[in-house]
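Opening the notebook on a new model. I want the fold order first, then the packing.

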Amino acid sequence: MLIPARLQFATDRLRLSRGDPAWGYARALQTRSSDGFLRQAAARDLIGDFQPWAAPFIVALIGEYIVEILEDIAAGLTPEIAQALAAFIAENPAYWRTTKCRVMSYWDAYYRHGGYDMPVTHVPPMEEPSCWSRMKRRMLRYWNVGHRHDRGNGMHRSYRRDEYIGFKLIDRLDLAVAGKA
């Protein structure tokens, strides 16, 4: 199964309501939106009225960096949903490995030390401008998504590995795949 990486939506043009049979499919596609708030709302809807075909869209969200979406998934993850996600994961082990690597990478980049407040001291002077450009792009992309800003200075809360919600979701779904959840 192939799902899009990011989509642009004109949400004011969506004329579907919750009772419409296509509503769930539209919400699944909206989990791939470039707007983090729309992704979060769509994820809540998919979890709230979960259908097994939605598993790839939920698993894709687990590999992303918005803690609030991960928290919503964890809050709505019933044993039945966990089993449906585990069935998808068991059929797609390479994709699950990639998702787990993304969780690790995003935690390391955004949440391990609280974000972008660390000085870049290990970069050779010749590479500083390109490094700063990449960092600014990441900061702007991250800032525009609507993350939590706990420290009041635009930085993110730090999480130890054992308290980060992404790893908790991975552990829970790994147990479900192994039949132990």
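Reading along the sequence, I get α-α-α-α-α-α-α-α. That makes 8 helices and 0 strands in the protein; I took both from DSSP runs (helices H or I, at least four residues; strands E, at least two), numbered from the N terminus.

Housekeeping: this is a predicted model, with local features needing pLDDT of at least 70 and side-chain atom pairs pLDDT 80 or more, while totals for chains, interfaces and linings use all residues. Residues are numbered from 1 along each chain as its sequence is written, and side-chain values use heavy atoms, leaving out hydrogens and water.

I looked up burial next (buried means under 20% relative accessible area, 1.4 Å probe, protein chains only). Of the 181 residues, 40% count as buried. For contacts I used heavy atoms within 4.5 Å. Among contacts with a separation of 6 or more, 69% link residues 24 or more positions apart.

Then the largest nonpolar core, meaning buried Ala, Val, Leu, Ile, Met, Phe, Trp, Tyr and Cys residues joined through side-chain atoms within 4.5 Å. It has 39 residues, and F50, I73, L85, Y164 and L173 touch the most other members. Elements giving two or more residues to this core are α2 (36-48), α3 (55-62), α4 (67-76), α5 (79-91), α6 and α8 (165-177). The largest share, 7 residues, comes from α5.

I followed L85 a bit further: skipping residues up to four places away in sequence, L85 touches F50, A55, I58, V59, L77 and L173.

Last stop, T99 in helix α6 (residues 93-111). Why does T99 count as buried? Because its relative accessibility is 1%. With the residues up to four places away left out, T99 touches V59, I62 and G63.

Definitions and conventions: Buried means under 20% relative accessible area, exposed over 50%, partly exposed in between (1.4 Å probe, protein chains only).
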